[in-house]
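Colleague: I would like a close look at one part of this model. Please take me through a single helix pair and what lies around it in the chain.

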Amino acid sequence: MLYLKKKINEKVEIMITLEPSRKPNKNQQAQIDRKYGMFIHFGINTFNDTEWSDGKLPIESYNPPEIDADGWIKNAYEAGMSYVILICKHHDGFCLWDTNTTTYSVNHSSNKTDVVAEVSKACKKYGIKLGLYYSLWDRHEKCYKNHEEYVEYMCKHLTELLGGKYGEICEVWLDGGWDKKTKLWNIPKLYDLIHTLQPNCVCSTNVTIAPPYRKKSINKYLPQRYKEGMPIRYFPSDFRLWDPNFTRVDDPKLYSHNGKLYYLPFEATICIRNMRNWFWDPKYTKDKLVGVDFIVDKYNLLVNSDNVLVVNVAPNIYGKQETEDIAHLLEVADKLGIRRHFE
């Protein structure tokens with residue numbers, strides 16, 4: 001990391017940013033070494049048969065009879081994964097942890113379980129690293145259109161999530177940046193805060209590589225079309241994201257910002273059901289499982305090119321992951337020779 005001095009209102013503020021480099025820094029190398037993880041999409045959408053909601057779903061609808069966090073993490077461990085990424089706030093603004101910043105959170109629902117806390121506890125038990133997904137876009141929060149106030153709102157959340165209550169956080173996965181102009185998110189401030197609270201953490205914003213958003217040209221920046229020196233849309237970012245896409249075998253690692261090059265690995269995502277089922281829904285188990293050989297091939301493609309893979313497995317309305325999903329992952333693990341048994 002590089003610490004830059006910036007004058008703000010005649011005062012000198014020291015901010016953490018990303019250092020230009022042609023090779024991974026220690027945090028990026030640790031991410032590369034993690035290789036394989038599980039995405040866990042769970043929240044108010046799970047109970048309303050929807051992938052994206054507008055922040056108006058009744059909080060009473062979130063009503064899991066239990067939260068089988070221990071089971072989720074045990075499943076990840078036995079499938080040979082080394083980390084998980086838990087959705088803690090999606091675009092709907094519903095928070096899965098105990099927070100007083102909003103009434104749209106688990107502690108105002110009928111099941112007040114702090115899901116982040118339970119997942120953190122299970123991660124420590126099984127020796128699994130914990131990453132968190134946090135949506136920048138928030139369709140519920142009233143201060144959202146007051147850009148500076150909303151940045152402070154996000155900083156309060158990140159401080160709660162990364163301030164030590166939930167232990168070490170290895171990754172922060174930011175999403176929804178397309179809903180505002182890039183500069184309005186104040187990504188440098190969020191990056192500085194994340195690395196101040198969790199020095200060993202890596203973070204990125206989805207659709208990392210691209211110029212300011214233009215619908216007619218965005219597809220030339222798809223991961224399979226990456227070229228060295230393409231612009232970093234959300235700077236600073238420690239790695240690249242654009243789900244659910246994959247890189248080439250000869251994936252370039254150097255990307256540009258203000259005339260300098262930065263090393264960025266890529267994290268790819270597979271949804272185990274139909275490639276695009278993020279949250280569980282009533283038709284979830286009728287959707288086709290992604291092929292075992294497909295997952296194995298993408299694992300090998302990514303890991304062999306110093307990138308990483310996460311597979312999304314969505315818990316259902318009972319707070320449990322589907323048996324068939326886990327059996328599928330264990331078959332993948334057997335083929336890769338990475339299956340483990342917890343004793």
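Modeller: Here is a walk through one helix pair, followed by a salt bridge and a hairpin. Keep in mind that this is a predicted model.

Start with helix H6, residues 292-303, and helix H7, residues 323-336. Their axes come within 9 Å. They cross at roughly 50°. An angle from 35 to 65 degrees counts as oblique, so H6 and H7 are oblique to each other. The crossing is right-handed.

Now the residues that touch. H6 brings Val 292, Asp 293, Ile 295, Val 296, Tyr 299 and Asn 300. H7 answers with His 328, Glu 331, Val 332, Lys 335 and Leu 336. By class, this contact has six nonpolar, two polar and three charged residues.

Next, look at the loop between strand E12 (308-312) and H7, where Lys 320 lies. The side chain of Lys 320 meets that of Glu 66 in a salt bridge, at 3.6 Å from N to O. Glu 66 sits in the loop between strand E3 (36-40) and helix H2 (69-78), so the pair ties together parts that are 254 residues apart in sequence. The structure holds 13 salt bridges, counting this one.

Last, the hairpin. Strand E9 covers residues 254-257 and strand E10 covers 260-263. The two run antiparallel, joined by four bridges. Ser 256 stands opposite Leu 261 in E10. Two residues separate the strands of this hairpin. Asn 258, in the turn, has a positive phi of about 50°.

Definitions and conventions
Residues are numbered from 1 along each chain as its sequence is written. This is a predicted model: local features need pLDDT of at least 70, side-chain atom pairs count only at pLDDT 80 or more; totals for chains, interfaces and linings use all residues. Side-chain values use heavy atoms; hydrogens and water are left out. Axes are lines fitted to C-alpha atoms, for helices over the stretch in contact, and angles run from 0 to 180 degrees between N-to-C directions. Angles under 35 degrees count as roughly parallel, over 145 as roughly antiparallel, 65 to 115 as roughly perpendicular and the rest as oblique. A crossing is left-handed if the near helix is turned anticlockwise from the far one by less than a right angle, and right-handed if clockwise. Contact means heavy atoms within 4.5 Å. Ala, Val, Leu, Ile, Met, Phe, Trp, Tyr, Cys and Pro count as nonpolar, Asp, Glu, Lys and Arg as charged, and the others, Gly among them, as polar. Two strands pair if DSSP finds at least two bridges between them. A salt bridge is a side-chain nitrogen of Lys or Arg within 4 Å of a carboxyl oxygen of Asp or Glu.
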